[in-house]
Amino acid sequence: MAKAAKKSSKSKRPATGNKDPLVQSAVKLIDQAATLLKDGVIASAGKTAKARHAMKLKASSLVNQASDKLTDAIQEGAAAFRKGLKKI
């Protein structure tokens, strides 16, 4: 049997810390949503469908808030980029 080619993989280092408050806030919201869903999956056997649906809506709301914050961060960055281009 032929040996499979060894794949080179990138090291899985944590991303460098972004100090932008919008990004930090978005990451915090995503972490909260993930925790909520994880806890919901673990404990869902004893909950009613109504309680599971409420948990899903809460997690969805957190993800939407994070998305809004990231959109704001992107728009601010794009505006700063355009402003810099105009100066050139």
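Start with the buried residues of helix H2. Select Met55, Ala59, Leu62, Ala66 and Ala73: these are the buried positions of H2. Now show what lies over them. H1 is part of that cover. Keep in mind that this is a predicted model.

**Whole chain**

Zoom out and colour by secondary structure. The protein chain has two helices and zero strands. How much of the chain is buried? Of its 88 residues, 12% count as buried. Switch on the surface next. About 7800 Å² of the protein chain is exposed, and carbon and sulfur atoms supply 60% of that area.

**Helix H2, end to end**

Select 49-87, which is helix H2. Put a distance between its end C-alpha atoms. They are 57 Å apart, and the 39 residues of H2 should span 57 Å at 1.5 Å a residue, so the two values agree.

**Helix H1**

Move to 21-43, helix H1. H1 has 23 residues. From first C-alpha to last, H1 reaches 33 Å, close to the 33 Å expected at 1.5 Å a residue. Which residues of H1 are buried? Pick out Leu22, Val23, Ala26, Leu29, Ala33 and Gly40. Turn the view to see their partner: the buried residues of H1 pack against H2.

**The core**

Show side chains for Ala26, Leu29, Ala33, Ala59, Leu62 and Ala66. These six residues make up the largest nonpolar core. H1 and H2 each supply at least two residues of this core. In soluble globular proteins, nonpolar side chains tend to be buried together.

Centre on Ala66. What does Ala66 touch, once residues up to four places away in sequence are left out? Its contacts are Ala26, Leu29 and Ile30. Two of those names should be familiar: Ala26 and Leu29 also belong to the core.

**Two pairs across the chain**

Select Gln32 in helix H1. Is Gln32 buried or partly exposed? Gln32 counts as partly exposed because its relative accessible area is 37%, which falls between the 20% and 50% cut-offs. Add Val63 and draw a line between the C-alpha atoms. Gln32 and Val63 are 8.9 Å apart in space, with their positions 31 residues apart in sequence.

Next, take Thr35, also placed in helix H1. Its relative accessibility is 45%, so Thr35 is partly exposed too. Add Ala59, one of the core residues. The C-alpha atoms of Thr35 and Ala59 are separated by 8.9 Å, although the residues are 24 apart along the chain.

**Last stop: a surface patch**

Go back to helix H2 and select Phe81, which is found there. Is Phe81 buried or exposed? Phe81 is exposed, because its relative accessible area is 54% and exposed means over 50%. Now add Leu85 and Ile88. Together with Phe81, they form a nonpolar patch on the surface. The three residues have about 390 Å² of accessible area together.

Terms used: Residues are numbered from 1 along each chain as its sequence is written. This is a predicted model: local features need pLDDT of at least 70, side-chain atom pairs count only at pLDDT 80 or more; totals for chains, interfaces and linings use all residues. Side-chain values use heavy atoms; hydrogens and water are left out. A nonpolar core is a set of buried Ala, Val, Leu, Ile, Met, Phe, Trp, Tyr and Cys residues joined through side-chain atoms within 4.5 Å. Buried means under 20% relative accessible area, exposed over 50%, partly exposed in between (1.4 Å probe, protein chains only). Helices (H or I, at least four residues) and strands (E, at least two) are DSSP runs, numbered from the N terminus. Contact means heavy atoms within 4.5 Å. Patches are made of residues with over 30% relative accessible area and no salt bridge: like charges are joined within 9 Å, nonpolar side chains (Val, Leu, Ile, Met, Phe, Trp, Tyr) within 5 Å. Accessible areas come from the Shrake-Rupley method with a 1.4 Å probe; for residues, only the protein chains shown count as cover. A salt bridge is a side-chain nitrogen of Lys or Arg within 4 Å of a carboxyl oxygen of Asp or Glu. The expected span of a helix is 1.5 Å times one less than its number of residues.
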